[in-house]
Amino acid sequence: MSATARVAIRAVEPLFLDRWSPRAFDSSLIPQEDLDTIFEGARWAPSAFNYQPWRLLYATRDSANWSRFLGVLLPFNQSWVQNASVLLYILSDTLIAAPGSEDFKPSHSHSFDAGAAWALLALQATRLGYHAHAMSGVDFDKARVELAVPDRFRIEAAVAIGRIADKSILSESLQAREVPSGRKDISEFVTAGNFPA
């Protein structure tokens with residue numbers, strides 16, 4: 001389904017409205033060149049001190065890693081992600097050091113920065129005609145072991161990427177949810193001054 005049903009109250013970049021998170025994917029392969037362009041989008045995300053704490057681990061559906069990457073999702077997500085083209089995990093480095101230093105300290109903004117990388121990745125995927133769907137329905141303990149993630153890295157989310165398919169491939173309950181979602185009005189999350197009482 002097209003995201004054209006979304007209506008912004010104020011003039012915003014149309015790409016923001018075109019980006020949404022479908023579950024119906026067509027199982028097609030993504031050329032490595034397109035995938036690298038999607039990753040390039042994430043590369044240009046802003047981060048504190050330009051530390052770029054995000055790490056992306058990915059598997060394509062035709063790779064030897066696909067079943068392992070799929071297997072650490074919760075069963076509900078496995079049921080629809082199995083038709084995606086790519087499955088990736090976004091990690092963030094919880095420690096930060098000044099350039100050239102080995103004096104690592106806890107990073108306050110690692111998750112925030114990784115979220116910026118996710119947003120740009122999703123927008124770049126949309127620009128290329130793909131869709132990206134992030135999810136936290138992951139067995140995080142199992143993922144840490146299966147993907148050999150060091151303790152200092154936080155597994156933030158999993159992301160399925162692919163081309164949209166007809167929603168009829170989904171279960172009946174998911175078909176009803178296969179539409180772009182709306183958003184709260186800015187008055188519900190923006191306040192001039194202190195936190196509202």
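Four strands form an open sheet in this predicted model. Their order is β1-β2-β6-β5, and the pairing is antiparallel. Helix α2 lies across three of the elements, β1, β2 and β6. The largest pocket holds about 580 Å³ of space.

**Sheet**
- The edges of the sheet are β1, residues 54-60, and β5, residues 131-135.
- Each of these edge strands pairs on one side only.
- From one strand to the next, the twist averages 25°.
- Seven bridges join β1 to strand β2, which covers residues 86-93.
- The pairing of β1 with β2 is antiparallel.
- Leucine 57 stands opposite tyrosine 89, a residue of β2.

**Helix on the sheet**
- Helix α2 spans residues 32-43.
- Its direction is at about 165° to β1.
- Strand β6, also crossed by α2, runs over residues 153-162.

**Aromatic pairs**
- The model has three aromatic pairs.
- One of them joins phenylalanine 39 and tyrosine 58, with ring centres 5.0 Å apart.
- The planes of these two rings meet at 55°, so the pair counts as tilted; edge-to-face would need an angle over 60 degrees.
- Phenylalanine 39 sits in helix α2, and tyrosine 58 sits in strand β1.
- The two residues are 19 apart, and the pair links distant parts of the chain.

**Largest pocket**
- The volume of the largest pocket is about 580 Å³.
- Its lining consists of 20 residues.
- Closest to the pocket centre are Ala8, Val12, Leu17, Arg183 and Lys184.
- Helices α1 (14-18) and α5 (110-127) each supply at least two lining residues.
- The most comes from α5, with four residues.
- By class, twelve lining residues are nonpolar, six are charged and two are polar.

Technical notes: Residues numbered from 1 in each chain as written. Predicted model: local features only at pLDDT ≥ 70, side-chain atom pairs only at ≥ 80, totals over all residues. Heavy atoms only, no water. 1 Å grid on protein atoms, 1.4 Å probe; cavity = no way out; pocket = protein on both sides within 12 Å on 5 of 7 lines; lining within 4 Å. Points joined across faces, edges and corners; volume = space filled by probe spheres on them. Nonpolar A, V, L, I, M, F, W, Y, C, P; charged D, E, K, R; others polar. Pairing = 2+ DSSP bridges. Axes fitted to C-alpha atoms, helices over the stretch in contact; angles between N-to-C directions. Contact = heavy atoms within 4.5 Å. Phe/Tyr/Trp six-rings, centres within 6.5 Å; stacked < 30°, edge-to-face > 60°.
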